[in-house]
Amino acid sequence: MNIGMRTPSIKKSFNTRTTSKMTRAVKKSVNPLYNKRGIGFAKNPTRSIKNSVYKKTTFVKLLQCNYHL
C-alpha cells in the first residue's frame with residue numbers, strides 16, 4: 001500500500017473527461033445499479049475497503065492546485 005503522493009495519469013484523466021454523457025445515459029438505462037454509491041462494497045467488499053484506505057492515505061499534489069486537463 002502506498003502512502004504519500006500519487007502520480008497522476010494523463011491518459012486516464014483524458015479518457016474520463018471525454019466519456020460522453022450519452023454513453024453514461026445508455027449504461028444507466030440498461031443497468032439500474034450503474035453509478036450508485038455503495039455498490040462497490042456490495043460487489044467486492046475487500047477491494048472497496050482497500051480503495052477507501054488508499055484514498056485516505058495518499059494525495060495528488062496537482063489536484064490540490066486546481067489542475068484540470
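A residue is taken as buried when its relative accessible area is under 20%, as exposed when that area is over 50%, and as partly exposed in between. On this basis, buried residues make up 4% of the 69 residues in the protein chain. The model examined here is a predicted one, and the confidence attached to it therefore needs to be stated alongside the geometry, since pLDDT expresses the predictor's confidence in each residue. The protein chain averages a pLDDT of 80, with 86% of the residues scoring at least 70. Among the elements of the chain, the highest mean pLDDT, 90, belongs to helix 4, which covers residues 45–57, whereas the lowest, 57, belongs to helix 5, which covers residues 61–64. Where pLDDT is low, the predicted coordinates should not be read in detail.

The secondary structure of the protein chain consists of 5 helices and 2 strands, and these elements follow the pattern β-α-α-α-α-β-α when read along the sequence.

On the surface, M22, V26 and V30 together form a nonpolar patch of about 340 Å². Of these residues, M22 is located in helix 2, which spans residues 21–30, and M22 counts as exposed because its relative accessibility is 65%, the cut-off for this class being over 50%. Beyond this helix, in the loop between helix 2 and helix 3, lies N35. The phi angle of N35 is near 65°, a positive value in a residue other than glycine. Most residues other than glycine have a negative phi. With a relative accessibility of 62%, N35 is likewise classed as exposed.

The largest pocket encloses about 420 Å³ of space. Its lining is made up of R37, G38, I39, G40, F41, K43, N44, R47, S48, N51, S52 and K55. Helix 3, residues 39–43, and helix 4 each supply at least two residues of this lining, and the largest share, 5 residues, comes from helix 4. Helix 4 is also the element with the highest mean pLDDT in the chain.

Two aromatic residues illustrate how positions distant in sequence are placed in space. Y54, a residue of helix 4, is separated from N2 by 52 residues in sequence, yet their C-alpha atoms are 7.1 Å apart. The relative accessible area of Y54 is 25%, so that this residue is partly exposed. F59, which is situated in strand 2, residues 58–59, stands 51 residues from P8 in sequence, with a C-alpha to C-alpha distance of 9.9 Å. F59, too, counts as partly exposed, because its relative accessibility is 34%, a value that falls between the limits of 20% and 50%.

Technical notes: Residues numbered from 1 in each chain as written. Predicted model: local features only at pLDDT ≥ 70, side-chain atom pairs only at ≥ 80, totals over all residues. Heavy atoms only, no water. pLDDT = per-residue confidence, 0-100. Helix = DSSP H or I, 4+ residues; strand = E, 2+ residues; numbered from the N terminus. Patch = residues over 30% accessible without salt bridge, like charges linked within 9 Å, V, L, I, M, F, W, Y side chains within 5 Å. Areas by Shrake-Rupley, 256 points an atom, 1.4 Å probe, with all protein chains shown as cover. Salt bridge = Lys/Arg side-chain N within 4 Å of Asp/Glu carboxyl O. Buried < 20%, exposed > 50% of the residue type's maximum accessible area, 1.4 Å probe, protein only. 1 Å grid on protein atoms, 1.4 Å probe; cavity = no way out; pocket = protein on both sides within 12 Å on 5 of 7 lines; lining within 4 Å. Points joined across faces, edges and corners; volume = space filled by probe spheres on them.
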